[in-house]
Amino acid sequence: MASSKRKWLATALLCLTMAASGCETAPEGTGGKNNSATNQTANNTGDPSQAETKAPATAEKRTITAATGEVEVPAQPKRVAAQAFLGTVLALGVQPVASETFLMNSPYLEGKLDGVTDVGDSLEALLEVEPDLIITQIAQAETVDKYAKIAPTVAMPYNRFASIQEEMRYFGDLLDKKDVAEQWIADFERKTGKLREAVQGALHEGETVSVMQEYDGTVFLFGPKSGRGGRIMYEILGAKPPAAIPEHMLADSYYEFSLEKLPEYTGDYLILTTNSTLEQLKADPIWGKLPSIRDGKVFLWNENQSWYRDPIAVEGQINSLAEWITKAAKK
């Protein structure tokens, strides 16, 4: 892009701000980074219709289906802005030119972000790195239209994919990395297949696992399309939630419920995102009565460890979770 044209478009977009992170429909009120990132999507202002020039296009184009419909994208993207699915893009061997703060703070991506610019939620900063493809999980037309003034934009919500394999194949296709995706899937299935067998062999018939987060008296359930251990336990390791939990509560990324339902919705094993210690939970008049807490069949971790559910994060989490539940099953 010529320098004068870049400055002209930067001026047109200077007053626009937006949340590129959008994160995985995280529970409101948790007070963590995910909460602020989720709420920023409402802060968009300005008139992007004034900007008509996009970033430099590659010679070849093709059409891919996104959540918002068909999108024309570069056949071989070279400068990807991963405003979502950062770990997925990296797992495919693609080094993005940009991402946003929350995703770049993942402990599982430490040492993997050389050359990636943190543009936060700034459209002007994103424009400066001149991406030829932008990936976002925010499918609202207003947000996608603003991004599209900079480069072709593919919007896919985090919970759109039924499995981690489906996610890898979609982005492998988008980024011209199909072979890399298939190799990653083969390696992943070989490793996790053994872990799944170990977990299934350790659990007794009918035993269940719950995945929750507690914060300031509020409790959230997580299902197979979520982080916090949900994707790992249900989708990959094949654990089952308590039968009392309605299916619709596990269909999305999370579901808030009343503490009155805690005994009913807590399984034989509990994976809990919390800032509390086991001793504090045991002393609590509600949590302390749960068999999984009382008997030590609970896995505790904080939000910074549990939130991320991309392929690299899953590889960094799954061994600990599988080892924990196989040991806890022997108690």
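Contact here means heavy atoms within 4.5 Å. With that in hand, here are legends for some close-ups of this predicted model.

**View 1. The whole chain, before zooming in.** Of the contacts with a separation of 6 or more, 67% link residues 24 or more positions apart. The protein chain has 15 helices and twelve strands. Out of its 331 residues, 54% are buried. Its accessible surface comes to about 14,500 Å², and carbon and sulfur atoms own 47% of that.

**View 2. A parallel, open sheet of five strands.** Read across, the order is S5-S4-S3-S6-S7, and the pairing is parallel. Strand S5 (117-118) and strand S7 (153-155) sit at the edges; each has a single partner strand, so one side of each goes without a neighbour in the sheet. Further in, strand S3 (residues 80-82) runs parallel to S6, and three bridges join the two. For a landmark, find Ala-82: its bridge partner in S6 is Ile-135.

**View 3. Helix H6 lying on the sheet.** H6 packs on the sheet and touches both S6 and S7, with its direction at about 155 degrees to that of S7. Which residues of H6 are buried? Look for Thr-143, Val-144, Lys-146 and Tyr-147. Seen down the helix axis, the buried residues of H6 fall within an arc of 160 degrees, so they line one face of the helix. Their cover includes helix H5 (123-128), along with S6 and S7.

**View 4. The loop leading into H6, centred on Ile-138.** Ile-138 belongs to the loop that runs from strand S6 (133-136) to helix H6 (141-148). Is this loop residue buried or exposed? Ile-138 has a relative accessible area of 3%, and under 20% counts as buried, so it is a buried residue. Tyr-158 is 20 residues away from Ile-138 along the chain, and their C-alpha atoms are 9.0 Å apart.

**View 5. The S1-S2 hairpin.** Strand S1 (residues 61-66) and strand S2 (residues 69-74) make a hairpin, with two residues between them. The pairing is antiparallel and takes in six bridges. To get your bearings, start at Ala-66, which stands opposite Gly-69 in S2.

**View 6. Aromatic company.** The whole structure holds 17 aromatic pairs. One of them is Phe-257 with Tyr-265, an edge-to-face pair with 5.2 Å centre to centre and 70 degrees between the planes. Both Phe-257 and Tyr-265 are buried. Elsewhere on the list of things to look at, one aromatic cluster brings together Phe-85, Phe-102, Tyr-158, Phe-161, Tyr-170, Phe-171, Trp-307 and Tyr-308. Tyr-158 also turned up in View 4, as the residue paired with Ile-138 for the 9.0 Å separation.

**View 7. Two loop residues with positive phi.** Start with Phe-85, a member of the aromatic cluster in View 6. Phe-85 is not a glycine, yet its phi is positive, at about 60 degrees. Its home is the loop between S3 and helix H3 (86-91), and with a relative accessible area of 2% it is buried. Now swing over to Asp-176, another residue other than glycine with a positive phi, near 60 degrees. Asp-176 is in the loop between helix H7 (164-174) and helix H8 (178-202). How accessible is Asp-176, and what does it count as? Its relative accessibility is 41%, so Asp-176 counts as partly exposed.

Notes
Residues are numbered from 1 along each chain as its sequence is written. This is a predicted model: local features need pLDDT of at least 70, side-chain atom pairs count only at pLDDT 80 or more; totals for chains, interfaces and linings use all residues. Side-chain values use heavy atoms; hydrogens and water are left out. Helices (H or I, at least four residues) and strands (E, at least two) are DSSP runs, numbered from the N terminus. Buried means under 20% relative accessible area, exposed over 50%, partly exposed in between (1.4 Å probe, protein chains only). Accessible areas come from the Shrake-Rupley method with a 1.4 Å probe; for residues, only the protein chains shown count as cover. Rings of Phe, Tyr and Trp (its six-membered ring) pair if their centres lie within 6.5 Å; planes under 30 degrees apart count as stacked, over 60 as edge-to-face and the rest as tilted. Two strands pair if DSSP finds at least two bridges between them. Axes are lines fitted to C-alpha atoms, for helices over the stretch in contact, and angles run from 0 to 180 degrees between N-to-C directions. The arc is that of the directions from the helix axis to the C-beta atoms.
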